[in-house]
Structure formats: structure tokens, C-alpha cells
Amino acid sequence: MLGHIDSWIFDLDNTLYPASSSLFPQIDARMGLYIQRLLGVDPIEAHRIQKELFHSHGMTLPGLMALHDVDPHEFLAHVHDVDIEVLRPHPELGDLIARLPGRKFVFTNADRPYAEKVLQRLGLTHAFDALHDIHDLGYVPKPQQGAYALMCRAHGIDATRALFVEDMARNLVPAKAIGMTTVWIDNGSEQGPGAARDHIDYTIPELAPWLAGVLNEVEAA
């Protein structure tokens, strides 16, 4: 069923490591602290603003840039100053991804320095051909449609021959719209508004076992 796929695209946070990890909550908390200091609000109001921007702009950063002229490099350096050591290395996952036929990409709303640290900690650096981050996207993040078209143009990806794995179901809607095969990791991570799931081709609880099954089929074909 996946023999036509020659581009394998993966989200980073809560996709290449479990949502149960304590990494992303650190980022979430640091975003709240940044907004508290920026706007002089209490933690409850900062959290409300953060989530409102997350839902309306795809991520908090573009909203802060548009409304408060926030410098993206300063913001990202602050929110990504977290303890990467909480992640458990998973080199077996890297080996599975490396064996997939075709090119492999990380497509993330995070920035490159942070993403590279996460990949190194997980033992996945060798598995990917390229990384497309929020700077590459011109701060137009997933799930905005332009982010997907830009990513495909930058790397010469035929969307109809690409598969995209995400933990946020809403981020798969634009991928499906341009012809990608979509895989949702239903692992308990925070979801945006909307409950429709008809744009999802595969729903899985965990990435590595599913990839092992895919490889068994692909390599046997």
C-alpha cells in the first residue's frame, strides 16, 4: 500500500519522541513565562493568550510577532532553553527510519538548533536527509497551507508520493489536501480545535512498531 512513497516526512515534537516525555511541557511553561514578562500579565492570563495564539496562528510565535513585534530568534532561544536529557535515546527508531526507501525529512515548527539537539539526543541524526524548520517556513507554520507547499518546493517533493507523520491531527489536513498520505500518532498530545478525522489515512499509537511493520511489507515486495 505504501510502495509509491519516496518521501517520508516526520514532525519532531511528540512524534519522534513520546508525548509522555517531560520535554514539551518545559517548552510550554517557558512560553508562558515569556508572555508574562512581555505583557506584564499573570500566569493564568499568559496561558490564555498563549493558547489563543496557538489556535489562531498555528503556533504562538507568529501571533506574538504580528501583535507585539517579538523577535523570533530571541523568543525561540528562550523557549527552547530546556533540559534535553529527559529524552530517552531511541537509536532503533533511527535505524528503522534510515531503512525506509527514499528521502527522509523532519518538518517542524521549532527551530533548527533545538531540532538538531533533539535529534542528536534521540540518536536519529543519521536517519534524515534534511530538516525544514520555522525559519525556512518564513514563520508561516503548520497548519497553514503555504507551509506545506513551501516545504515541498524547497526539497523537490511530489506530495502524491509523500507520507507525513504528525501527532497533531489538524496539521494533517493541509497535507492530505495536497495529496500526501497521512499518519496520525494518537498518543495523548494536545490537539487543536476540530474533531474530524476523515483526512487521516493511518492512526497509530506509536511510531517504531508501525514503521517496523511497514518495512516488513516494503522489503518483502
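**Exercise 1.** List what Leu16 touches, leaving out residues up to four places away in sequence.

*Solution.* Apply the contact cut-off: heavy atoms within 4.5 Å. Leu16 then touches Phe10, Asp11, Leu93, Ile97, Val106, Leu119, Leu122, Leu124, Phe128 and Leu207. Next, place Leu16 in the largest nonpolar core, where Leu16 is among the residues with the most contacts, with Phe10, Tyr114 and Leu207. Such a core is a set of buried Ala, Val, Leu, Ile, Met, Phe, Trp, Tyr and Cys residues joined through side-chain atoms within 4.5 Å. This core has 70 residues. Its largest share, six residues, comes from helix 9 (residues 207-220).

The model is predicted: local features need pLDDT of at least 70, side-chain atom pairs count only at pLDDT 80 or more, and totals for chains, interfaces and linings use all residues. Residues are numbered from 1 along each chain as its sequence is written, and side-chain values use heavy atoms, without hydrogens and water.

**Exercise 2.** Decide whether Lys51 is buried or exposed, and find its partners.

*Solution.* Locate Lys51 in helix 2 (residues 43-57); helices are DSSP runs (H or I, at least four residues), numbered from the N terminus. Lys51 has 14% relative accessibility, so Lys51 counts as buried (under 20% relative accessible area, 1.4 Å probe, protein chains only). Beyond four places in sequence, Lys51 touches Asp28 and Glu190. The side chains of Lys51 and Asp28 also share a polar contact of 2.9 Å (N or O atoms within 3.5 Å, one able to donate a hydrogen and the other to accept it; residues adjacent in sequence count only if both atoms are side-chain atoms).

Terms used
Buried means under 20% relative accessible area, exposed over 50%, partly exposed in between (1.4 Å probe, protein chains only). Helices (H or I, at least four residues) and strands (E, at least two) are DSSP runs, numbered from the N terminus.
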